[in-house]
Amino acid sequence: MLRIAEHWYGSDLGRQRQGNEDNYFVRAPLFVVADGMGGAQAGEVASEIAAASFENGLPSGGTVAEGLARIIEDANRQIYDRSRSEADLAGMGTTVTAAHVGDREVTVAHVGDSRAYLVRDGEVVRLTRDHSLVNELIERGKLTEEQAETHPQRSVITRALGPEASVQVDLETFQARDGDVFLVCSDGLTSMIPESRLAPILTRSGSLEEAGHALIDAANDAGGRDNITVVLFRLQEVAGTGAAAVASHSDADTSEYDASDHGRLQSNPPAGDETEANYRRQGTMAMSAVRPRAEPEEHPPRPAPPARAERPRPRRRRRLRLPVGLVVVALFAFIVVAGFWTASRVVYFVGTDPQHGDAVTIYQGLPYELPFGIRLYSRHAGSGVTLPEVPPARRRTFTDHKLRSLDDAENLVNALETGKLQP
């Protein structure tokens, strides 16, 4: 029997996109990546619908493959209906690649050009077939793999969720074994990194977290033309029955999940810097264990009181009354704090991120920190340029923490990245 011994996931904006259209869903035994298309808003909506469709797990009845197909077909109908009913979402669509871990096998469902890979004995094997124009040309012998990597229509896909009322889902089940590592990713990774480079990165990394960051960094170093989403998980052989394995995971440690216990939900996110807005939209969801309802205790009937016995009068409890003035002050303070916090969410500033080599970064909120480490800001998006790379005459622009609108901040960072920053 196999269990998920380790997993990691993250999504990065890349270096040339203003928004992230990728979404993912991670809750053992399901690992899903969706890459939206149709404009920043529409693409993000489509991929979010696809990822959220897996929240209820596999439907009852049928095989795992049939269940995955039903989920994806339902998501396709939702996306198709919304794209036809809402003008600003017209034409939206998304890819989806989902992997489900069973006792001895991994089932993959796939539509589009996101991919799934198996890493075994130092070799990387692609498990999915791209539904893209260039892949069809490769299969017809009209393009080589090398030519496809630079083909001007390499991003044109021939199958996706949303464009049509129905969709064909590729389904395949692979026998798995101890030590297997699976990679599910968007084409923002594979369009930047040749498959020949995946194996060295994945095999030389000490952990999946290290491997995931290395993959994203490599894609960004190659240009980062698209959003980059990476989901990794490693399988491990365990002995014993399913019941014993479930008992061994009663502490809800997600790094040790019994793949046969399909009812167990992940409750802890992976290790790593979860404050990064680039690694956003965490796919984990938690569910509390349900304690069995205790049976009511049976008590013998109480003897009736003597006929003339007088029952004691219940003592009146004093109600706790707060001074009206205190209530008014507390309410006023709450309104002020709530208004202040809401106002801080609509402003941004540009600064640097010491945890990422002083990379120029967009922050949301106010550039202040309260006692006890309470920050009034959060990381919104990073860039591929560090402060030492900024011309000395313009460095103050990225350290003065001037409050800006989101558009102003994004335009400034985009000008820096593209070399259009005025001296």
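This is a guided tour of one protein structure, going from the whole chain to selected residues.

**Before you start**

The model is predicted, with local features needing pLDDT of at least 70 and side-chain atom pairs counting only at pLDDT 80 or more, while totals for chains, interfaces and linings use all residues. Residues are numbered from 1 along each chain as its sequence is written, and side-chain values use heavy atoms, with hydrogens and water left out.

**The whole chain**

Begin with the full protein in a cartoon view, where ten helices and 15 strands can be picked out; helices (H or I, at least four residues) and strands (E, at least two) are DSSP runs, numbered from the N terminus. Of the 423 residues, 45% are buried, where buried means under 20% relative accessible area, exposed over 50%, and partly exposed in between, with a 1.4 Å probe and protein chains only. Among contacts with a separation of 6 or more, 66% are between residues 24 or more positions apart, a contact being heavy atoms within 4.5 Å. If you switch on the surface, its accessible area comes to about 23600 Å², and carbon and sulfur atoms hold 52% of that; these areas come from the Shrake-Rupley method with a 1.4 Å probe, and for residues only the protein chains shown count as cover.

**Strand β2 and the loop after it**

Select Asn23, which sits in strand β2 (residues 22-27) and is buried because its relative accessibility is 2%. A polar atom of the Asn23 side chain lies 3.5 Å from the backbone oxygen of Glu44. Moving along to the loop between β2 and β3 (30-37), you reach Pro29, where the peptide bond from Ala28 to Pro29 is cis, with omega near 10°. Most peptide bonds are trans.

**An aromatic cluster**

Next, show the aromatic side chains, among which there are six aromatic pairs. Rings of Phe, Tyr and Trp (its six-membered ring) pair if their centres lie within 6.5 Å, and planes under 30 degrees apart count as stacked, over 60 as edge-to-face and the rest as tilted. Phe182 and Phe233 are stacked because their ring centres are 5.2 Å apart and their planes are at 10°. This pair joins distant parts of the chain, since Phe182 belongs to strand β10 (residues 181-185) and Phe233 to strand β11 (residues 228-237), 51 residues apart. Phe182 is buried at a relative accessible area of 2%, and Phe233 is buried at 0%. Add Phe31 to the selection, and you have a cluster in which ring pairs link Phe31, Phe182 and Phe233.

**Helix α6 and what surrounds it**

Now select helix α6 (residues 195-204), in which Leu198, Ala199, Ile201 and Leu202 are buried. The buried residues of α6 pack against β7, β8, β10, α5 (187-190), α7 (208-221) and β11.

**Helix α2**

Go to Asn76 in helix α2 (residues 64-85), which counts as buried because its relative accessibility is 1%. A polar atom of the Asn76 side chain lies 3.1 Å from the backbone oxygen of Glu164. Beyond neighbours within four places in sequence, the residues in contact with Asn76 include Ala160, Leu161, Gly162 and Val167.

**Two residues with positive phi**

Most residues other than glycine have a negative phi. Asp121 has a positive phi near 55°; look for Asp121 in the loop between β7 (115-120) and β8 (123-126), where its relative accessibility of 66% makes it exposed. His401 also is not a glycine and has a positive phi of about 55°, but you will find His401 in the loop between β15 (374-386) and α10 (406-417), partly exposed at a relative accessible area of 33%.

**Strand β13**

From His401, step to Gly351 in strand β13 (residues 348-353), since residues up to four places away in sequence aside, Gly351 touches His401 as well as Ala359, Val360, Thr361, Tyr363 and Phe398. Gly351 is buried, with a relative accessible area of 0%. The C-alpha atoms of Gly351 and Pro367, 16 residues apart along the chain, are separated by 9.0 Å.

**A last stop on the surface**

Finish at Leu331, which is in helix α9 (residues 324-344). Together with Phe334 and Ile335, Leu331 forms a nonpolar surface patch with about 340 Å² of accessible area. Patches are made of residues with over 30% relative accessible area and no salt bridge, with like charges joined within 9 Å and nonpolar side chains (Val, Leu, Ile, Met, Phe, Trp, Tyr) within 5 Å; a salt bridge is a side-chain nitrogen of Lys or Arg within 4 Å of a carboxyl oxygen of Asp or Glu.

Terms used: Polar contact = N/O pair within 3.5 Å; in protein donor to acceptor, adjacent residues only side chain to side chain.
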